[in-house]
Amino acid sequence: MKIFAGSSNPKLAKKIAKQLGIKLGRIELSRFANGEARVRIREKIIKEKAVIVQSFSYPPDEHLIEFFLIADALKRLGAKKIIAVIPWLGYCVQDKVFLPGEPLSAKVIAQIIQSLKIDRLITLDLHNETITGFFDLVFNHLSALPVFINFFKQKQLRINLVISPDAGGIKRAAKLAKGLNLAMTVINKERDLITGKVSILGFNSNLKAKRVLIVDDFISTGGTLIKISHFLKKAGVKKIYAATIHHFYIKGVQEKIDKSPIDKIFVSDTINSPLKLNSKKLKIISVSNLLAKELKNC
Ligand code: R5P
């Protein structure tokens with residue numbers, strides 16, 4: 001098996017390769033003068049399994065095209081099987097036509113991936129797992145929650161309530177709460193589909209002096225978490241922790257979290273930060289072991 005890192009998250013790819021006791025495959029990634037992506041694989045892979053590690057993170061369209069080109073190059077070099085490890089499957093949030101005139105973006109991406117004859121796709125914590133139905137290939141939808149649960153157990157983080165920020169996240173929060181043997185509750189949140197503005201409609205647990213852990217699949221603008229953290233603080237919560245699997249690292253968002261009532265945010269390394277961050281509130285937990293274990297079975 002040879003592992004090739006796209007330019008989105010070479011750090012994670014390196015860690016996965018290390019856990020598997022192999023070196024990353026040699027690949028050259030650059031740009032032509034007109035801005036188009038240029039890919040060249042410098043390995044022999046005839047009849048071998050080839051793994052591409054690429055998150056469709058910022059800038060998503062560049063990372064997508066690069067991924068498509070790597071997959072094509074591997075096929076042309078005679079790879080026996082192509083396994084795509086896409087820790088963050090970009091466009092997966094556009095899983096419905098929310099407003100008339102919009103595309104079904106998640107399906108468009110699925111169809112392009114499909115056309116590249118990828119044999120297997122491994123991803124983590126999709127916003128909505130029904131999108132796995134858009135793909136006709138072996139699809140391993142993993143969750144980083146067990147990694148977070150182990151981490152919290154080891155660190156003996158004192159929490160007494162797990163919170164889902166919306167109804168869509170209940171299953172996720174319930175899993176985390178079960179793993180930590182804690183109670184769970186949900187906040188009634190609403191998002192305006194046009195402005196993206198988040199409003200909190202209500203909550204019915206007693207929050208006084210509680211130490212809570214909010215769990216979400218991703219943090220983008222930070223609007224959800226920050227709004228909820230202010231609400232919780234007002235309601236008398238003592239400690240606010242947040243666990244989000246994917247952090248998009250949009251410019252200025254971590255700084256806003258640092259200034260918010262959130263005491264600490266735990267994220268995974270599915271996305272590599274393009275920014276230089278120096279936040280004491282941010283803790284990154286690696287999913288490399290989970291992905292390496294999965295690849296051992298491929
Ligand atoms: C919503 O359904 C998602 O699970 C997240 O709660 C949310 O969209 C995060 O985005 P932001 O950080 O922009 O509020």
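The legends below describe close-up views of a predicted model. Local features require pLDDT of at least 70 and side-chain atom pairs pLDDT 80 or more, whereas totals for chains, interfaces and linings use all residues. Residues are numbered from 1 along each chain as its sequence is written, and side-chain values use heavy atoms, without hydrogens and water.

**View 1. The open parallel sheet.** Five strands (DSSP E runs of at least two residues, numbered from the N terminus) are arranged in the order β1-β4-β5-β6-β7 with parallel pairing; pairing requires at least two DSSP bridges between two strands. The edges are formed by β1 (2-5) and β7 (138-142), each paired on one side only. From one strand to the next, the twist averages 20 degrees (angles run from 0 to 180 degrees between N-to-C directions of axes fitted to C-alpha atoms, for helices over the stretch in contact).

**View 2. The pairing of β4 and β5.** Strands β4 (residues 49-53) and β5 (residues 81-86) run parallel and are joined by five bridges. V53 has V85 of β5 as its bridge partner.

**View 3. Helix α8 across the sheet.** Helix α8 (residues 288-296) lies across β1, β4, β5, β6 (120-124) and β7, at about 160 degrees to β6. Helices are DSSP H or I runs of at least four residues.

**View 4. The two faces of helix α1.** In α1 (residues 10-19), L12, A13, I16 and A17 are buried (under 20% relative accessible area; exposed is over 50%, partly exposed in between; 1.4 Å probe, protein chains only). These residues lie on the same side of α1 because they cover an arc of only 135 degrees around the axis, taken from the directions from the helix axis to the C-beta atoms. The buried residues pack against β1, β4 and α8, with contact meaning heavy atoms within 4.5 Å. Exposed K11, K14 and K18 occupy the face turned away from the buried side.
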